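Subject: Structure handover and notes

Hello,

Please find the structure below, with the sequence alongside. My notes follow it, arranged by region.

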Amino acid sequence: MSDFKYDLIIGLETHVQLLTKSKLFCGCSTKFGAAPNTQTCPVCTGMPGSLPVMNRQAFALGLKTAIALNCEIPEFTKWDRKNYYYPDLPKGYQISQYDLPMSQRGWLEIHDPKGEFEPKRVGIIRAHLEEDAGKSLHDEAAGKSDTRIDLNRTGTALLEIVSEPDMRSTKEARAYVTELRLLLLYLGVSDCNMQEGSLRIDANVNLHIHAPQGKVATPIVEIKNLNSFRFLERALAYEAQRQYAAWQETGKTIKDAPKQTRGWDDAKGMTFAQREKEESSDYRYFPDPDLVPVITPRAEVEKVRGELCELPAAIRHRLELSYGVTTYDSDVLVGQGRGLVDYYEQVARAAGDGKKAANWVTQEVLRVLNEQSIPLEKFPLAPGTLAELVKVVVAGELEVTRAKEVFNDMVATRRSASDSMKSLGIEKVDESALVAICREVLLANPKVVADVKGGKQQAVGSLIGQAKKKNPNANPNDVRRICLELIEKGLE
Amino acid sequence: MSLIQTSTTELLRDLSARKISSVELTRAYLDQIAARDGQIKAFLHVDPDRALAQAKAIDERRGRGEAVGKLGGLPVAIKDVICTKGQRTTCGSKMLENFVPPYDATVVEKLKAADAVLIGKTNMDEFAMGGSTENSAYFKTRNPWDTERVPGGSSGGAAACVAASMAPLSIGTDTGGSIRQPAAFCGVTGLKPTYGRVSRYGLVAFASSLDQIGPLGATAEDCALVLEVLAGHDSRDSTSADVPVPSYSATVNQPLKGLKLGIVKEFFVSGLDGEIEAAVREAVKVYEKLGATVHELSMPHSKYGIAVYYIIAPSEASSNLARYDGAHYGYRCDEKQMLADLAAEEQRLQAAGNKKKLADLDTPLIRMYRQTRAEGFGPEVKRRIMLGTYTLSAGYYDAYYLKALKVRRLIRGDYDAAFGQVDFIIGPTTPSPAFKIGEKTDDPLSMYLEDLYTVTTNLAGIGGISIPCGMTQSGLPIGLQLQCRPFDEERLLQAAAMFQRQTDWHTRRPALS
């Protein structure tokens with residue numbers, strides 16, 4: 001069989017743990033990392049007779065997120081029970097939202113700062129609230145195969161965000177998760193810690209193969225628990241190949257097989273078929289009679305919309321427009337969080353040059369933060385202090401290499417730019433001294449002079465290093481200018 | 001007159017006047033339990049020491065002149081479906097044989113705060129599913145009027161203990177008639193409040209949208225006193241209503257004027273016992289003499305009540321009872337034996353080369369679930385779990401559950417229309433008096449039909465009360481049911497008390513052996 005082109009079709013389901021103090025339906029703490037089963041009560045352990053009561057803060061965080069995702073917010077929403085048996089689900093059902101979710105039909109714009117794909121809107125089918133299950137810890141020590149259950153996580157508020165199958169490459173999938181994560185962080189609704197499970201991703205994938213008989217869709221596969229960007233990209237890439245190969249071998253299309261659930265084994269670099277949860281085919285959803293519907297008046301939606309913080313996409317747009325930074329730099333700045341954006345803006349305004357300020361912040365400031373593993377709040381230079389240095393550079397009074405020395409000194413000693421320059425012995429060399437240095441260097445290099453005269457102006461460049469040896473403060477631009485002037489005038 | 005034959009109003013008066021002590025009174029009821037309950041079997045657990053200690057503490061507080069709650073040291077029995085902290089709560093099921101709740105139900109907190117003495121936990125149909133208390137996993141409760149007969153159910157123990165003077169007051173639950181029907185069978189007064197009037201927090205759920213806790217006692221006055229303690233909004237129950245609680249006990253004896261009573265013509269049809277019909281018609285006349293006018297009504301959707309109820313209640317139950325899976329608490333099958341059986345089964349299948357059955361063989365977890373539930377639940381509970389699982393299944397949901405919800409709204413519509421014309425609906429509580437133990441065990445459908453007059457109250461979410469209104473020739477009590485608008489319990493109790501001032505059916509007690 002010959003090779004055909006195919007489109008990779010990806011939709012993502014993202015489970016986001018909301019930053020509430022207490023769980024979705026009881027007062028237990030949601031703090032991560034406590035000793036097993038210490039953050040539980042009759043409600044979240046499903047004790048007979050206990051009843052859930054909705055956490056209003058969780059609903060508010062969900063609402064905020066849904067609005068930021070451009071979703072429609074129906075006035076009426078309700079809670080449903082999703083029935084299935086599993087030891088980490090103590091009630092035998094999960095409280096979720098089925099046919100009338102709290103939000104639907106939104107979108108999230110994704111882009112690639114390197115321009116590898118055109119910016120596009122990924123549709124959001126729905127975002128709904130539900131409670132998390134507990135954790136099953138399989139303890140196989142001492143030849144036993146006991147499973148231990150930790151119910152600390154049981155009942156934690158989750159927002160499930162379901163995208164349309166609008167992504168066409170692993171890059172787009174990555175960009176979607178990146179942008180979604182950033183949005184959630186800016187909204188302050190989740191810590192998005194993927195290692196701790198605050199952001200969990202399931203991917204629905206299949207291929208549309210351009211076969212001679214027309215487009216053929218392969219069976220849809222849901223890959224569960226892709227809890228890092230690396231897993232996501234590798235699993236999607238693998239799955240695309242696997243599905244193509246499977247189609248070539250069996251010819252099975254979407255019509256021949258139901259949706260299959262697979263897991264990702266990162267060590268083997270393969271997806272694998274998962275045993276279906278018992279009765280997963282029928283969750284027997286029905287409205288939870290223990291909870292009342294939630295009514296969200298239009299006015300409340302508009303109020304929340306009005307109070308939304310400036311969102312990442314809007315900030316990027318504004319930085320590019322107001323400060324003239326590149327798409328790449330705005331992406332780096334916004335990607336680091338609101339704190340760095342604010343820092344940058346202060347530097348840019350004080351220095352009067354947005355582009356240069358962006359270079360310094362995205363390169364030097366971030367380098368120091370990374371090297372020292374410190375948060376921005378611990379960065380030793382106030383924006384105004386850094387701006388002074390940028391100003392000197394913008395004024396052409398300091399070349400970049402030397403400016404970086406000054407910057408490092410400022411970071412190390414917390415001195416101002418002028419004090420650092422002074423202590424490093426950096427001072428402006430006056431014109432007559434520079435002329436003397438240039439004259440000396442030119443006399444020592446007649447070949448360069450000849451080359452320049454022969455039309456190779458760039459030959460002067462080789463003299464800059466020599467001039468700097470004579471005086472490290474010699475400004476390369478000035479050296480170049482003066483040398484050319486001297487050659488022009490005639491050296492004698 | 002002995003203490004246990006004295007009305008609660010007098011007992012309260014004597015308690016507060018310190019003519020009697022709560023310890024004396026509690027002891028009198030404990031003695032009666034010791035004397036009678038071997039035969040009646042109304043109680044699942046009685047803890048005399050705990051009850052007496054509670055009574056003593058109340059007496060001491062009263063002795064020091066401290067304030068004492070509204071129930072002032074009166075014993076109250078609690079149906080064993082309501083959680084009591086540190087005291088077993090079995091729901092009449094083997095599944096929860098050793099379950100000790102780590103918390104008190106809201107109503108239990110309220111009763112304790114009102115200084116009720118919790119005298120014991122009463123027997124019931126397993127998980128409140130049944131109308132005869134024959135479905136208890138432990139034993140059958142007998143009707144004090146005729147010990148060959150059932151006391152009704154599911155709050156059979158709750159009604160029988162009041163009828164046999166083993167407790168002056170008791171707390172039951174009513175999902176489809178489970179307070180009113182046993183009250184009728186045992187000749188006591190039982191109130192099912194409006195849905196949301198009393199918090200369900202700590203009531204082990206059978207059908208969450210129908211369950212409601214309510215009082216049983218000798219009189220409407222007793223029920224008024226207890227409802228006043230139980231009622232009110234609870235932040236732990238989202239379905240509890242934030243509606244002010246009137247002082248029911250202060251107003252219960254004020255007569256109502258110009259009462260309009262509705263008789264539903266669909267309730268007086270074949271199947272209704274002749275003696276019951278006669279007693280009910282007689283009761284209507286009593287009201288007429290008190291100035292009430294009677295209006296015949298039609299409730300066209302009431303005939304679907306049983307069908308709708310037996311879809312909605314089992315559907316909710318199938319989900320509510322999923323938590324009893326042996327994983328976290330309650331009964332778990334013998335694991336060692338289970339694993340050995342499973343291994344043997346696997347070997348047999350392997351030897352026989354039966355690949356298909358091998359592939360279908362349970363995992364140990366699934367087998368644990370199956371066996372635990374097979375052994376822990378009784379047949380009626382299993383029947384309803386199966387019914388409910390079926391009616392919620394994909395492909396059946398719309399035809400059964402969703403349709404039932406729609407008809408439920410129509411039934412509520414019938415009531416709304418009726419209450420546009422009348423204050424209360426009056427009729428029989430049950431189609432027949434208490435039946436013989438074992439009579440309907442093999443015929444679940446005829447057992448379900450017992451709920452004919454009571455289920456629509458729960459489906460509509462309104463209030464209802466059953467009061468004694470006569471006796472059959474063979475000496476069995478007959479219950480009169482009054483149903484009221486949502487949250488109209490104050491007037492419902494007044495109407496019931498009016499009747500009880502004119503009649504003495506509620507004062508009759510079975511012969512004490």
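Why does A:T40 count as buried? Keep in mind that this is a predicted model. A:T40 has 24 C-beta neighbours inside 10 Å, and a residue is called buried from 20 upwards, so A:T40 falls in that class. The residue sits in the loop between β1 (6-17) and α1 (56-68) of chain A. Setting aside neighbours within four places in sequence, the contacts of A:T40 are A:C28, A:T45, A:L151 and A:N152. A:T30, 10 residues away from A:T40 in sequence, is 9.7 Å away in space, C-alpha to C-alpha.

Chain A: one helix and one sheet

Helix α9 of chain A covers residues 383-394, which is 12 residues. From its first C-alpha to its last, α9(A) reaches 16 Å, close to the 16 Å expected at 1.5 Å a residue. The buried residues in α9(A) are A:P383, A:L386, A:A387, A:E388, A:L389, A:V390 and A:V393. The list includes a glutamate, A:E388. What do these buried residues pack against? Their partners are α7 (338-351), α8 (354-372), α10 (400-413) and α11 (417-423), which belong to chain A. Just after α9(A) comes A:G396, with a positive phi of about 75°.

Chain A also has an open sheet of three strands, in the order β4-β3-β15, with antiparallel pairing. β4 (93-96) and β15 (286-287) are its edge strands, each pairing on one side only. Strand β3 (residues 80-83) of chain A is joined to β15(A) by two bridges, and A:D80 stands opposite A:P287 there.

Chain B: the sheet

In chain B, 11 strands make an open sheet. The order is β1-β3-β2-β4-β6-β5-β10-β11-β9-β7-β8, and the pairing is mixed. At the edges are β1 (43-46) and β8 (293-297) of chain B, each paired on one side only. From one strand to the next the twist averages 30°. Helix α3 (residues 48-63) of chain B packs on this sheet and touches β1, β2 (75-79) and β3 (117-122) of chain B. The direction of α3 makes about 155° with that of β3(B).

Strand β10 (residues 463-471) of chain B is mostly covered, with eight of its nine residues buried. Which strands pair with β10(B)? One is β5 (residues 189-192) of chain B, antiparallel over three bridges, where B:K192 has B:G464 as its bridge partner. Another is β11(B), antiparallel over eight bridges, where B:M471 stands opposite B:P477. The hairpin of β10(B) and β11(B) has five residues between the strands, and B:G475 in this hairpin takes a positive phi near 85°. Strand β11 (residues 477-484) of chain B also pairs with strand β9 (residues 424-428) of chain B, in the antiparallel sense over five bridges. In that pairing B:F424 is opposite B:C484.

Nonpolar cores

In soluble globular proteins, nonpolar side chains tend to be buried together. The largest nonpolar core in this model has 146 residues. Those that touch the most other members are B:V76, B:I82, B:A159, B:C161 and B:A496. Helix α7 (residues 220-230) of chain B gives the most to this core, at eight residues. A second core, separate from it, has 60 residues, including A:L61, A:L159, A:L199 and A:A235.

What does B:A159 touch, beyond residues up to four places away in sequence? The contacts are B:P151, B:G152, B:P182, B:A183, B:F185, B:C186, B:V188, B:G190 and B:L216.

The contact between the chains

Chain B puts 34 residues into the contact and chain A puts in 25. On the side of chain B that touches chain A, α10 (305-320) and α13 (364-376) of chain B each supply at least two residues. α10(B) gives the most to that side, with three residues. By type, the chain B side is made up of 17 nonpolar, 11 polar and six charged residues.

Regards

Methods. Residues numbered from 1 in each chain as written. Chains lettered and ligands numbered in written order. Predicted model: local features only at pLDDT ≥ 70, side-chain atom pairs only at ≥ 80, totals over all residues. Core = buried A, V, L, I, M, F, W, Y, C linked by C-beta atoms within 7 Å. Buried ≥ 20, exposed ≤ 12 C-beta atoms within 10 Å, placed from the backbone. Helix = DSSP H or I, 4+ residues; strand = E, 2+ residues; numbered from the N terminus. Contact = placed C-beta atoms within 7 Å. Expected span 1.5 Å × (residues − 1). Nonpolar A, V, L, I, M, F, W, Y, C, P; charged D, E, K, R; others polar. Pairing = 2+ DSSP bridges. Axes fitted to C-alpha atoms, helices over the stretch in contact; angles between N-to-C directions.
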